[in-house]
Number of protein chains: 2
Amino acid sequence: MQSHPTEPFLDHESRAEQDDHQAIRLWLRLLTCTNLVEQHLRNRLRKSFDTTLPRFDLMAQLERSPTGLTMGELSQRMMVSGGNVSGIASQLEKEGLISRDPVPGNRRAFCVTLTRAGRKQFADMARAHEAWLVELLDVVSASDYEQMMAILKQIKAQSRAKEI
Amino acid sequence: MQSHPTEPFLDHESRAEQDDHQAIRLWLRLLTCTNLVEQHLRNRLRKSFDTTLPRFDLMAQLERSPTGLTMGELSQRMMVSGGNVSGIASQLEKEGLISRDPVPGNRRAFCVTLTRAGRKQFADMARAHEAWLVELLDVVSASDYEQMMAILKQIKAQSRAKEI
DNA sequence: AAAAAACATTTTATGTTTAAAATATCTTAC
DNA sequence: GTAAGATATTTTAAACATAAAATGTTTTTT
């Protein structure tokens with residue numbers, strides 16, 4: 001019903017007006033890129049390993065923290081709600097990929113770690129995951145990468161500062 | 001159980017290793033920024049207008065296309081599945097914010113448009129939405145903005161090219 | 001004209017995600 | 001030692017999301 005002659009694909013940016021503020025146009029492009037990459041990773045994980053991005057994310061955080069993380073720490077780092085982590089962790093525990101062990105001296109907390117099987121499965125996925133990201137993001141030169149990281153760092157700091 | 005001395009906040013980047021590939025580190029920072037901004041907008045929309053981001057997204061696409069969009073076009077532009085759009089549109093229609101009218105000459109398609117009430121409500125939200133984004137993203141200078149848009153454009157193109 | 005294929009949407013089933021409530025535990029102040 | 005408050009996790013209910021099946025429409029092929 002409407003078309004962007006210069007834009008073959010339709011996405012979030014289809015709603016950007018020519019005279020929109022710089023902040024809006026940057027946001028819509030950021031959102032579009034993130035969605036595209038995320039969808040790519042979801043499709044690949046599904047097809048190659050019959051798993052999902054949240055499950056991969058949880059395991060990735062654990063791999064990075066060999067001594068284990070509590071449910072609350074996982075929630076923070078994965079940037080999702082506690083209830084969400086609880087559900088994903090239940091699945092992975094049932095499949096023997098992670099274990100939730102009581103923390104001596106703190107009966108409220110669980111220490112979540114990858115099992116041997118979990119570490120093994122994750123190693124395969126991580127290798128593929130890295131290759132997929134390189135395929136998508138290595139169009140960015142080293143100097144553009146540095147520039148981009150710096151700008152995103154500013155945005156991140158500002159978002160944290162304005163958090164509500 | 002693990003700490004980044006230089007990183008007061010925990011997020012996706014907590015899983016980045018020092019020697020990870022550039023592509024991985026860029027991705028994790030991109031994801032973190034997008035999540036932070038998205039969560040900010042969600043919180044604000046909830047608090048100020050008692051609505052959600054997907055509902056706002058749908059209305060924003062319609063505002064941009066005054067002659068209306070079909071369900072399929074909405075699905076593409078919002079980057080979500082058709083069934084999803086169907087559910088959100090049902091809510092908004094029930095609340096009188098959008099209308100779904102038959103298309104003369106094509107009995108399969110619906111033409112979705114904002115109602116007068118929808119346009120009115122959207123105008124208020126859009127004003128606030130822009131202010132929130134400016135608050136978060138105007139830390140980016142005009143030249144950094146241009147640079148960033150160019151790099152993201154490359155990433156977008158590459159993601160489209162590799163779509164599966 | 002009939003059959004086949006493509007298309008647009010909705011429905012259904014299943015799973016994800018959040019916010020909020022519920023449960024259980026720990027700490028502190030008294 | 002106990003009550004009050006803070007903390008950690010799980011459960012629940014509602015919204016969101018996808019894939020696949022179902023329905024109805026249009027186009028193409030034969």
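What covers the buried residues of H1(A)? Keep that question in mind as we walk through this predicted model, beginning with the helix itself.

H1(A) has 28 residues, and at 1.5 Å a residue it should span 40 Å. Its end C-alpha atoms are 40 Å apart, so the expected and computed spans agree. Many positions along this helix are buried, including A:Ala23, A:Leu26, A:Trp27, A:Leu30, A:Cys33, A:Val37 and A:Leu41. The buried list is not purely hydrocarbon, though: A:Arg29, A:Thr32 and A:Thr34 are on it as well. In general, an α-helix has 3.6 residues a turn, so residues three or four places apart point the same way.

Now for the cover. From chain A itself, H2 and helix H5 (116–137) take part, and from chain B the cover includes H1, H5 and H6. The partner chain therefore helps to enclose this helix, as H1, H5 and H6 of chain B are part of what covers its buried residues.

That leads us to the contact between the two chains, which takes 64 residues from chain B and 62 residues from chain A. On chain B, helices H1 (22–49), H2 (53–64), H3 (71–78), H5 (116–137) and H6 (142–161) each supply at least two residues of the side that touches chain A. H1(B) makes the largest contribution to that side, with 17 residues. Sorted by class, the side of chain B that touches chain A has 29 nonpolar, 20 polar and 15 charged residues.

Back on chain A, follow H1(A) to its end and you meet A:Asp50, whose phi is positive, near 50 degrees. This residue lies in the loop between helix H1 (22–49) and helix H2 (53–64) of chain A. Most residues other than glycine have a negative phi, which makes such a spot worth a look. A:Asp50 counts as exposed because 7 other C-beta atoms lie within 10 Å. Chain B offers another example: B:Met79 has a positive phi of about 60 degrees although it is not a glycine. B:Met79 sits in the loop between H3 and H4 of chain B, and its 17 C-beta neighbours inside 10 Å are why it counts as partly exposed.

Finally, turn to the DNA. Strand D is surrounded by 22 residues, and the closest are A:Gly72, A:Gly83, B:Thr52, B:Gly83 and B:Arg107. H4(B) gives the most to the surface near this strand, with 5 residues. By class, the surface near DNA strand D has 6 nonpolar, 12 polar and 4 charged residues.

Key: Residues are numbered from 1 along each chain as its sequence is written. Chains are lettered from A and ligands numbered from 1 in the order in which they are written. This is a predicted model: local features need pLDDT of at least 70, side-chain atom pairs count only at pLDDT 80 or more; totals for chains, interfaces and linings use all residues. Two residues are in contact if their C-beta atoms, placed from the backbone, lie within 7 Å. Helices (H or I, at least four residues) and strands (E, at least two) are DSSP runs, numbered from the N terminus. Ala, Val, Leu, Ile, Met, Phe, Trp, Tyr, Cys and Pro count as nonpolar, Asp, Glu, Lys and Arg as charged, and the others, Gly among them, as polar. A residue is near a molecule or strand if its C-beta atom, placed from the backbone, lies within 6 Å of it. A residue is buried if 20 or more other C-beta atoms lie within 10 Å of its own, exposed if 12 or fewer, and partly exposed in between; C-beta atoms are placed from the backbone. The expected span of a helix is 1.5 Å times one less than its number of residues.
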